[in-house]
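Biologist: I am new to this structure. Could you take me through the terms used for it and the reasons behind them?

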Amino acid sequence: MTNSLYSHLECVQCGTHFNKYTLQNYCHTCIQPLVARYHLHNRIGKEIIRNTTNSMWRYQALLPLLNSDNIVSLGEGWTPLFPLHKSGKNLGVDHLFLKEEGGNPTGSFKARGIGLAVSKAKELNVHKFCIPTAGNAGSALSAYAAAMNGEAFIYMPEATPMVFHLDCEIMGAKVNKVRGSIRDAGIAMMQDNKDGKWWDVTTLKEPFRLEGKKTMGFEIAEQLNWELPDVIIYPTGGGTGLIGIWKAFEEMKEMGWVDHIPTRMVAVQTKGCNPVVRAFEAGLDHCDLYENPEETIANGLRVPKAFGDKLIMKTLKESHGTAFDVTEEEIIASIKEFGRTEGVFLSPEGAAVYSGLKKLIENGFIQKSDKVVIINTGSPYKYVENMYGILKN
Ligand SMILES: Cc1ncc(COP(=O)(O)O)c(C=O)c1O
Ligand SMILES: [Zn+2]
């Protein structure tokens, strides 16, 4: 057993409660995500954290798994958060930090969400999974499915770097390459899964990947001695990380671990696929489909329509955050600049974040005294095929 405070699942739109002992995907009335709720109150102390566990499972009291025998772990989470003194000085920000997610199993933060989804699936006796992916989530699902003796069926855009395909196959998954974007991959997957033989773990159509991503929020807080940052900049595709970090902060507030949440959440996208930025600028509470998304070296950001779009917009609004886009040239320049300055090779998505940071300093959104966390969501090494020629010049 765990010391989990998990209570129930709830539709984000109509508030209906769903049974936690049976398999649930999303609210079929509202076509909106379900989120996990916990028995929280302000007398819960931080001693519920298992601080001898150096993985995301240190927060298992605030995660939905009921029996720890069901944990399928490859060592996900508890990644470093470290100060960027040189960049901070160069850019004029006193407290700048990098959350480095590239050391996670299969090289990205996707291991957190998928690790939790697969563990919870094991608890509910599910062993066959399918997913549309920009790459990293497919690698993670292949790994965790292998670890639990399950099966994974992966659908990825043709333009995904080859190493992701190899990665999935090495771990025993079946890979389908689909012409178009992750959205087209999702449509092809649903066609093959009409009879529901596989458990669909598409971002936010399944409630528990969000809970895994939430652990990034707890970690950032714990690593900053429970003083939340003023700004977090996040590369946004499906948006689970952005929503999850904010959810962690809200839960911390409910438990009285912080008095208020000062953090402004920032979503970064690419100019060639920026549905969140467009919606933010238009003041919408949802995103419209982005037709014909352009290819980008930041594969994870090419998401023309996220299932959790309303939650993304709500998070930006409630946190007084913002959204903006960056060009391919800016991403490439940032990879080079950051590598030379900090000795850290960023993934293209992480470089989009760094480009964003510079813009936000320029336009005054970030002040000198702000405490800012930028997130490098994955390892750059899987993208070498995208980057080799460009970076050499
Ligand atoms: C490295 C990387 N960063 C960011 C993202 C976008 O993440 P999210 O779907 O949580 O917005 C992805 C998604 O594929 C990714 O692989
Ligand atoms: Zn509903």
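**The ligand shell and the packing of strands and helices**

Modeller: The shell around ligand 1 divides into 3 nonpolar, 13 polar and 1 charged residues. Please bear in mind that this is a predicted model.

Biologist: Which residues are the closest to ligand 1, and how many surround it?

Modeller: Ligand 1 is surrounded by 17 residues, and the closest are G237, G238, G300, T377 and G378. The elements giving two or more residues to this shell are α3 (136–147) and α7 (240–254).

Biologist: What makes glycines such as G237 count in the polar class?

Modeller: The classes are set by residue type, and Gly is placed among the polar ones, so G237 counts as polar.

Biologist: Why are α2 and α6 called oblique to each other?

Modeller: Helix α2 (residues 110–123) and helix α6 (residues 209–223) pack at an angle of about 135°, and their axes are 7 Å apart. Roughly perpendicular covers 65 to 115 degrees and roughly antiparallel begins over 145, and the rest count as oblique. The angle of about 135° falls in neither range, and therefore α2 and α6 are oblique. Their crossing is right-handed. On the α2 side the contact includes R112, G113 and I114, and on the α6 side it includes R209, L210 and E211. The residues of this contact divide into 5 nonpolar, 4 polar and 4 charged.

Biologist: What angle do α2 and α3 make, and why does it lead to the term oblique?

Modeller: α2 and α3 pack at about 40°, with their axes 9 Å apart. Roughly parallel requires an angle under 35 degrees and roughly perpendicular 65 to 115, so α2 is oblique to α3. The crossing of α2 and α3 is right-handed. K110, A111, I114, G115 and V118 of α2 meet residues of α3, among them N136, A137 and A140. This contact divides into 8 nonpolar, 2 polar and 1 charged.

Biologist: How do you know that α10 is roughly perpendicular to α11?

Modeller: The angle between helix α10 (residues 328–342) and helix α11 (residues 348–362) is about 90°, with the axes 8 Å apart. That value lies within 65 to 115 degrees, which makes α10 roughly perpendicular to α11. In this contact, E330, I331, S334, I335 and F338 of α10 meet P348, A351, A352, Y354 and S355 of α11. The contact residues divide into 7 nonpolar, 2 polar and 1 charged.

Biologist: What makes β9 and β10 edge strands?

Modeller: An open sheet of 4 strands has the order β9-β8-β7-β10, with parallel pairing. β9 (174–178) and β10 (199–200) each pair on one side only, and they are the edge strands.

Biologist: How do you know that β7 and β8 pair, and which helices lie on them?

Modeller: Pairing needs at least two bridges, and strand β7 (residues 128–132) is joined to strand β8 (residues 151–157) by 5, so the two strands pair. C130 stands opposite F153 in β8. Helix α5 (residues 182–192) packs on the sheet, where it touches β7, β8 and β9. α3 lies across β7 and β8, running at about 170° to β8.

Biologist: How do you know that β1 pairs with β2?

Modeller: β1 is joined to strand β2 (residues 17–18) by 2 bridges, and at least two are needed, so β1 and β2 pair. These strands run antiparallel. The bridge partner of L9 in β2 is F18. In the hairpin of β1 and β2, with 5 residues between the strands, G15 takes a positive phi near 80°.

How values were computed:
Residues numbered from 1 in each chain as written. Chains lettered and ligands numbered in written order. Predicted model: local features only at pLDDT ≥ 70, side-chain atom pairs only at ≥ 80, totals over all residues. Near = placed C-beta within 6 Å. Contact = placed C-beta atoms within 7 Å. Axes fitted to C-alpha atoms, helices over the stretch in contact; angles between N-to-C directions. Left-handed = near helix turned anticlockwise from the far one by under 90°.
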